[in-house]
Amino acid sequence: MPETTRANARSQCPYCGVGCGLELLPPSPSGPGARCDADGTPIWTARGDRHHPSSLGQVCIKGATVGETLSRGRLRQPLHRSSLQEEFRPISWETAFALLVERINASRQTRRGSGGIAMYGSGQFHTEDYYVAQKLFKGALGTNNFDANSRLCMSSAVAGYARSLGSDGPPCCYDDLDHCHLAFLIGTNTAECHPVLFQRLLKRKRRHPDSVTIVVVDPRATDTSKAADLHLAIAPGTDLALLHGLGHLLLRNGDTDPAFLDASTEGLEAYADLVAAWTPERVASFCGLPEAQLRAVAALWGGSASVLSLWSMGVNQRREGTAVVGGLINLHLLTGQIGRPGAGPFSLTGQPNAMGGREAGGLSHLLPGYRQVSDGGHRAEVEAAWRFPPGSIAPEPGLTAWQQIEAIEAGDLDLWWVAATNPLVSLPNLERVKRALERCPLVVVSESAADSESCHYAHLLLPAAPWSEKAGVMTNSERRITYCPAYRPRTGESRPDWEVFAELGRRLGFVEQFRYRSSAEVFAEFAALTAGRVCDLSGLSHDLLEREGPQQWPFPLGSAPGSGSRRLHTEGRFPTPSGRARFVAEQPLGLAEPPCAAYPLVLTVGRYLGHWHTMTRTGHVERLRTLHPEPLLEIHPRDAERFGLREGELATIRSRRHAVTARVEVSERIRVGTVFLPMHWGFRQEPACEANALMHEQACPISQQPELKASAVAVAPAAAEPQPSSWA
Ligand SMILES: Nc1nc2c(c(=O)[nH]1)N[C@H]1C(S)=C(S)[C@@H](COP(=O)(O)OP(=O)(O)OC[C@H]3O[C@@H](n4cnc5c(=O)[nH]c(N)nc54)[C@H](O)[C@@H]3O)O[C@H]1N2
Ligand SMILES: Nc1nc2c(c(=O)[nH]1)N[C@H]1C(S)=C(S)[C@@H](COP(=O)(O)OP(=O)(O)OC[C@H]3O[C@@H](n4cnc5c(=O)[nH]c(N)nc54)[C@H](O)[C@@H]3O)O[C@H]1N2
Ligand code: SF4
Ligand SMILES: [Mo]
């Protein structure tokens, strides 16, 4: 590793799923990192790691400023209170563990058994945190009540891949951006949310303008659509009809790949029957698009040597999210656009380790190694590896994120444990969540931040040592695993999540199963459990990753470094019973809560370039606060006029559930009938704008992912300056 002083650390960026490589420079009196926080804590400087194969030295503004977030506003010791009305008081870890053990054992003695306990974790865990949590909940406690914020994020992609291709696992890699001729971006603001990937695509486009065409499907014009050759400003929630319309035209124009269809797919007939009814005229009117645009995209798709589609939350966060993912994969199957350079359906993962979470079984229906709790063979394999008696793992999926809230509401949960996520900002229907939590006997929050909104609804706060203070691995969107070292000392009494879960496991009596001395041992056990699975990474270890750098899976035992497969399904065989990929034929449904006379607009909620989710980290960076000083309601000039809103003034946005206030930004960039708010400003932020208090929780019946991209709202000028919502 040339040009590296021994003190420099290399890691994966802890923000988005692009998973760029960072090089961290220690503070030194002469170097560029000679800066300190107000309390004297030295600030590390981050820059792009040129040796990281996924990002080749590139970073965005969030990755570059991550050093400034690491010690500010941190929770430093365990805190406890008996009721939400009391003040917190410091307690020792010893007392915290004793309390957890007592309450867990008491709950297990009720008629519910372990079903009265649930954990809500996060794609911001390291894989080791995820894995030990699965073993604790699904193995030791025998409840599958572990779900993660990936339920709000990637679960439609997970379900969609599994339904169409037989298994989860994005088949593409970032190199495909350099090879595709059509880049079809649907429901993704890649420019702001996966900036380094987007820059890679733009660079290619600048150098070879004629070799790649970019199509963007989004009801808003964004920095992403600005760079597109064609922007389809689709009506929210109508993507499935668009995809069926494209399928209709591809079939009608004969732009299919008969050899691939014949050898590698099944279910074409039912699909062709379904899309026959989705004529261009019907689709154009359903989606609110000119018919010519539809025909142009079909011609581009049919005529391109390689088509890469990229998608994220505009597709996944739908009550028919799994069906939309299937609709997109259908087009790749129809045209044989999968398993070769520049081609394939590529889900861009949101969080830095949402992928690792899927590998480790971090949703309520999964087990490690892309296994399912409903599969008896899978359960037996995992029970044996974990050294729990047969029958220890329950056969039914556990409670999903929203079902956990409903269980609390019904008085069915004694203990709700939140770790590395901030549901009091990011779950839908927030007022209902707050009312539920006021009833929960014990809310435990493992946090690195001292004052996340969720901390205000907790009884027990456990200080977490985050990325930079713990060693572990993360997997990025292209299946590449990076070792993330502990390169800074832990803050206060904080501990890595996996250590806390393992310690609790031992204290609950499972001494043998949780006897880990390091996260390297945790990883070794997990890696062995993936042998022979689609996500086989049994040849990897912390040692190898540290020595040889990031690696892609599949990486079976004995693989040579650098030999990880760049693409999946290159032979036209799929991990389904028949070996064929499946067409899925679903009728488009549209929005769960369509606009009506009382709530005439569709509110969609998403992200800004400089902020990360609930701002517990990026909110501490001056440069990012200056970039986005406040949340803005984007509204089209015609709607602004219709509802009496003026640029720069305050508006009240009201849904069936709640109302919030935000400043108005009148903009031609958004579709008439649609408005946009960012998700970032929870009730602890200034100015507060709890967008998710407006959103509903109706979800895709297959993936259980809520429709976080659309609720019906009304807007009006705000009568007065907004009052921050009252704090808990
Ligand atoms: N800067 C920044 N980057 C991030 C994050 C962050 O917080 N900040 N978070 C990370 C995470 S966890 C995630 S999941 C990703 C999310 O990445 P993205 O999904 O790209 O981000 P969003 O802004 O949530 O939504 C993307 C777009 O979907 C559009 N959309 C809304 N409704 C529809 C629809 O019906 N159809 C279509 N086609 N589009 C629609 C919205 O207008 C929006 O522009 O970003 C990751 N990267
Ligand atoms: N309406 C609407 N709602 C949305 C979305 C949307 O697009 N629209 N997007 C959804 C999506 S895709 C996502 S991913 C979620 C994101 O929503 P959240 O997961 O709620 O957002 P974060 O702010 O990332 O919360 C992570 C928390 O973990 C803490 N933390 C960081 N590292 C660690 C660690 O190592 N251990 C522990 N214990 N804590 C740590 C941070 O301080 C932070 O408070 O929001 C979802 N909600
Ligand atoms: S693109 Fe994503 S992973 Fe890369 S530096 Fe930015 S936030 Fe980090
Ligand atoms: Mo996400």
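In this predicted model, an oxygen atom of ligand 2 lies 2.9 Å from an N or O atom in the side chain of H613. Out on its own, ligand 2 would expose 920 Å², and the protein buries 98% of that. There's a ligand 1 to meet too, and the protein covers 100% of the 910 Å² of accessible area that ligand 1 has on its own. Let's take the two ligands in turn.

**Ligand 2: where it sits**

- Ligand 2 has its home in the largest cavity.
- Domain 1 (79-153 + 352-552) and domain 3 (601-727) both give residues to the shell around ligand 2, so ligand 2 lies between them.

**Ligand 2: who its neighbours are**

- There are 30 residues around ligand 2, and the ones that come nearest are S426, E447, D497, T614 and N692.
- If you sort that shell by residue type, you get 12 nonpolar, 13 polar and five charged residues.
- E447, one of those nearest residues, has a polar side-chain atom 2.4 Å from an oxygen atom of ligand 2.
- D497 is another one of the nearest, and here an N or O atom of the side chain is 2.7 Å from a nitrogen atom of ligand 2.

**Ligand 1: where it sits**

- Look for ligand 1 in the second largest cavity.
- Domain 2 (155-347) and domain 3 (601-727) each put at least three residues into the shell around ligand 1.
- Some named helices and strands help out as well: α5 (190-193), α13 (313-316) and β25 (601-606) each supply at least two residues of this shell.

**Ligand 1: who its neighbours are**

- Ligand 1 has 34 residues around it, with D218, D239, R318, R607 and H611 coming nearest.
- By type, the shell around ligand 1 splits into 11 nonpolar, 15 polar and eight charged residues.

**Ligand 1: backbone contacts**

- Try finding G237 in the structure: one of its polar backbone atoms is 2.7 Å from an oxygen atom of ligand 1.
- N189 also uses its backbone, with a polar atom there 2.8 Å from an oxygen atom of ligand 1.
- At G187, a polar backbone atom is 3.3 Å from a nitrogen atom of ligand 1.

**Putting the two together**

- Domain 3 (601-727) turns up in both stories: it gives residues to the shell around ligand 2, and the shell around ligand 1 draws at least three residues from it.
- As for the cavities, ligand 2 is in the largest and ligand 1 is in the second largest.

Conventions:
Residues are numbered from 1 along each chain as its sequence is written. Chains are lettered from A and ligands numbered from 1 in the order in which they are written. This is a predicted model: local features need pLDDT of at least 70, side-chain atom pairs count only at pLDDT 80 or more; totals for chains, interfaces and linings use all residues. Side-chain values use heavy atoms; hydrogens and water are left out. A residue is near a molecule or strand if one of its heavy atoms lies within 4 Å of it. A polar contact is a pair of N or O atoms within 3.5 Å; within protein, one must be able to donate a hydrogen and the other to accept it, and residues adjacent in sequence count only if both atoms are side-chain atoms. Accessible areas come from the Shrake-Rupley method with a 1.4 Å probe; for residues, only the protein chains shown count as cover. On a 1 Å grid over the protein atoms alone, a cavity is a set of points where a 1.4 Å probe fits but cannot get out, and a pocket is an open set with protein on both sides within 12 Å along at least five of seven lines; lining residues have an atom within 4 Å of a point. A molecule sits in a cavity or pocket if more than half of its atoms lie within 2 Å of its grid points. Helices (H or I, at least four residues) and strands (E, at least two) are DSSP runs, numbered from the N terminus. Ala, Val, Leu, Ile, Met, Phe, Trp, Tyr, Cys and Pro count as nonpolar, Asp, Glu, Lys and Arg as charged, and the others, Gly among them, as polar. Domain bounds come from an automatic or database domain assignment.
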